[in-house]
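The following paragraphs go through a two-part model, starting where the parts meet and then taking each in turn. Please keep the sequence and the coordinates at hand.

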Amino acid sequence: MSKHRIILEAGSADRHYWRDLWNYRGLFGFLAWRDILVRYKQTAIGVLWSVLRPLLTLAVMAFIGWLFESRLPDGVPRLLLVGAATLPWTFFSNAFSEASNSLIANSNLLTKVYFPRLIVPASTIIVCLIDFFIAFAILVVLMVAYQFMPSVRILLLPLFLLLALITALGSGLLIAALNVKYRDFRYIIPFIVQFGLYVSPVAFSSADIYTSERIPEALKIVYALNPMVGVIDGFRWCILGGETTLYLPGFLTSIGISLLLLVAGIRYFRKTERGFADII
Amino acid sequence: MSAPIITVEHLSKRYMLRRQEAPRYTALRDVLSDKARSLFRSRDHASKVDEFLALDDVSFTVNAGDRVGIIGRNGAGKSTLLKILSRITEPTKGRITIDGRVASLLEVGTGFHPELTGRENIYLNGAILGMSKAEIRVKFDEIVAFSEVERFLDTPVKRYSSGMYVRLAFAVAAHLEPEILIVDEVLAVGDAAFQRKCLGKMQDVSGEGRTVLFVSHQMDAVQRLCNKGMLLHKGSLVTAGPMDDVVRDYLQQNATAESDFIFEIPESPRSSAHATHLRIEDSDGRPLPEVPIGSPWQARIGFTVEKPTDGFVIALGISTLLDMPIRTTWSSAQALQPGRYEALFVNDGVHLADNQYKLMVGLSDQGRVLQYLPGQALLTISDISILTGETRIVNSRSGLLMNQMETRIQRID
């Protein structure tokens, strides 16, 4: 009897939240499955978009890097240098924007059914993971074409993928919860994504920043505050191997910010979650 | 069986209503500018929102196996109550204890995706309503059979007719197996045959000892399905008890129609008799502001006789609002001494369609009109029906009179 006892009180934190989250794991899968199924319905080339989009981004960013003559580590082709960065960046930007808009996109669910709301933004990120793996396959094809042998460090890639996931989830949860109340964020999100592409080491590499004499030290610290700097540097370190090095202080700062975002995101989300249905 | 499965104590829910000029959602700009403004002006901030108590100190218990009908006018707080019980929104005050798995059906087809096929939507919707994949797989064939859309199972539901869509959606919901089922006005959709099927299914559910909370405006559906009832009015719980009593209370507390009409006493010349009031009642003599369609009613008219009369007749006429007379009934002439009297006109099974009608009262003495009151009293027949067994309500648009003629069909060659 008391197995399913629920007590609803004003403002009381839900003691069984994490257990509930586990019980609703099926829904988590179904929402992701729905988004995947629906994704390319009524498109002419369907799943090819998942291949085309990262390829186009890669081409444009590589062109920009070439135009500005950003430095290449020895023996690393430009397409691979940029590819190792567009991979996590595209994942982050998609996951972040999808998660941030997910609550509003599913408002019909929020106002009619109960489930731990965390499921909605989290399931959208799963969908973006699939795109990530497609883009990863493209990168592997490029590596084969260039006859580029990655170092054993590539085995650590899952850890950096986890870091990218944490960053996307943390910021996505925070913005999604804010977006329910303040629709201003709908306009801020594309801006964050666009802006992020320029301040993250996609077309260039972090070494360009840290070794530059033109850039003041204070600005370098600000640069390191961007959590995606840590993620992208980590990806390059794993995939390209060789002489690419990790600038540790900057890297640790980025990790710290990612974790901070996750904690803040979950906290704010949990705090406001119970009022979503009333204000959405 | 009698242990409470749901206990609600002093439940209140307050909503903040923004003034009309404010946008529906908050913009960051407003918060920032308000914050800035409140630096200079300390109060005045609170006056910008109005409070609205959707539920006000509601307490009740529901026992396991009860089928509870929740009724009330629009804005009474029914949907808010269901939303709180389904954990969609949280209470402002109070405490609720629920001992069991809850499934709520506040809308038919929640989460249906138009691009997905019927088959895919069954799985998706089932998961949203709280079924596991294994549960859905076991019930899949049953769901499809109930929905009657087998042929279109692999068609995207955006190509479905609205009837098919509703049938499929309800079929999924009907196969939920929670301990507590919460259902909001979802039977209002779909055709009559399917509504009957759904109601039957819900009766089966409650027959298995599960608890049902059901909101509806269809009194006959509520009465057929529920054994207990709750009447909400403007956020407060008015009555709770056996369903039939609660329905009767609901019909009487009606706010828009009146059951009592007071007639003005004519100043001069003083006639020898005048009517003082008219009251519309049910057959037990209780005031009835809105007569449920197909239900018995009577009109009680009070009148005062000032001077002795030899051939007093009181008449009651019914006409449409457009003054088309429907029928008039006269009492038999009789001699009355001065005093106060009451006349009772009992409606004899003529069932008017749901609408408003004018009631005319006339007093005469030996053919001489003493008083004529055209249309100062209104009779309201509501579309809410109480199940009366014998009465066959066809369709209120089929005519002014609901009574059916006797029909015979015979073969002539």
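How many bridges join strand β1 of chain A to β4(B), and do these strands run parallel or antiparallel? In this predicted model, five bridges join β1 (residues 5-9) of chain A to β4(B), and the two strands run antiparallel. Within this pairing, A:I6 stands opposite B:I98 of β4(B).

The strand pairing can be set beside the contacts between the chains. There, 37 residues of chain B are in contact with 30 residues of chain A. On the chain B side, α2 (78-85), β4 (93-99) and α3 (118-128) each supply at least two residues. The element that gives the most to this side is β4(B), with six residues. By residue type, the side of chain B that touches chain A divides into 16 nonpolar, 11 charged and 10 polar residues.

Chain A comes next. Chain A has one strand and 13 helices, and along the sequence the strand precedes the helices, in the pattern β-α-α-α-α-α-α-α-α-α-α-α-α-α. The radius of gyration of chain A is 20 Å, close to the 19 Å that the globule rule gives for 280 residues, so chain A is as compact as a globular protein of that length. Taken along the principal axes, its C-alpha atoms fill a box of roughly 65 × 45 × 35 Å. Of the 280 residues, 41% count as buried. Among contacts in chain A between residues at least 6 apart in sequence, 85% join residues at least 24 apart.

One of the helices of chain A can be followed in detail. Helix α7 (residues 157-181) of chain A has 25 residues and reaches 37 Å from its first C-alpha to its last, close to the 36 Å expected at 1.5 Å a residue. Because 18 of the 25 residues of α7(A) are buried, this helix is largely enclosed by the rest of the structure.

Chain B contains eight helices and 19 strands. Of its 413 residues, 36% count as buried. For contacts in chain B with a separation of 6 or more, residues 24 or more positions apart account for 72%.

A single position serves as an example in chain B. B:A275 lies in strand β11 (residues 273-281). B:A275 counts as buried because 26 other C-beta atoms lie within 10 Å, where the cut-off is 20 or more. Leaving aside neighbours within four places in sequence, B:A275 is in contact with B:F263, B:I301, B:G302, B:F303, B:V361, B:L363, B:Q371 and B:L373. B:G362 is 87 residues from B:A275 in sequence, yet the two are 8.4 Å apart in space, C-alpha to C-alpha.

Key
Residues numbered from 1 in each chain as written. Chains lettered and ligands numbered in written order. Predicted model: local features only at pLDDT ≥ 70, side-chain atom pairs only at ≥ 80, totals over all residues. Contact = placed C-beta atoms within 7 Å. Helix = DSSP H or I, 4+ residues; strand = E, 2+ residues; numbered from the N terminus. Nonpolar A, V, L, I, M, F, W, Y, C, P; charged D, E, K, R; others polar. Pairing = 2+ DSSP bridges. Buried ≥ 20, exposed ≤ 12 C-beta atoms within 10 Å, placed from the backbone. Expected span 1.5 Å × (residues − 1). Rg over C-alpha atoms; globule rule 2.2 N^0.38 Å.
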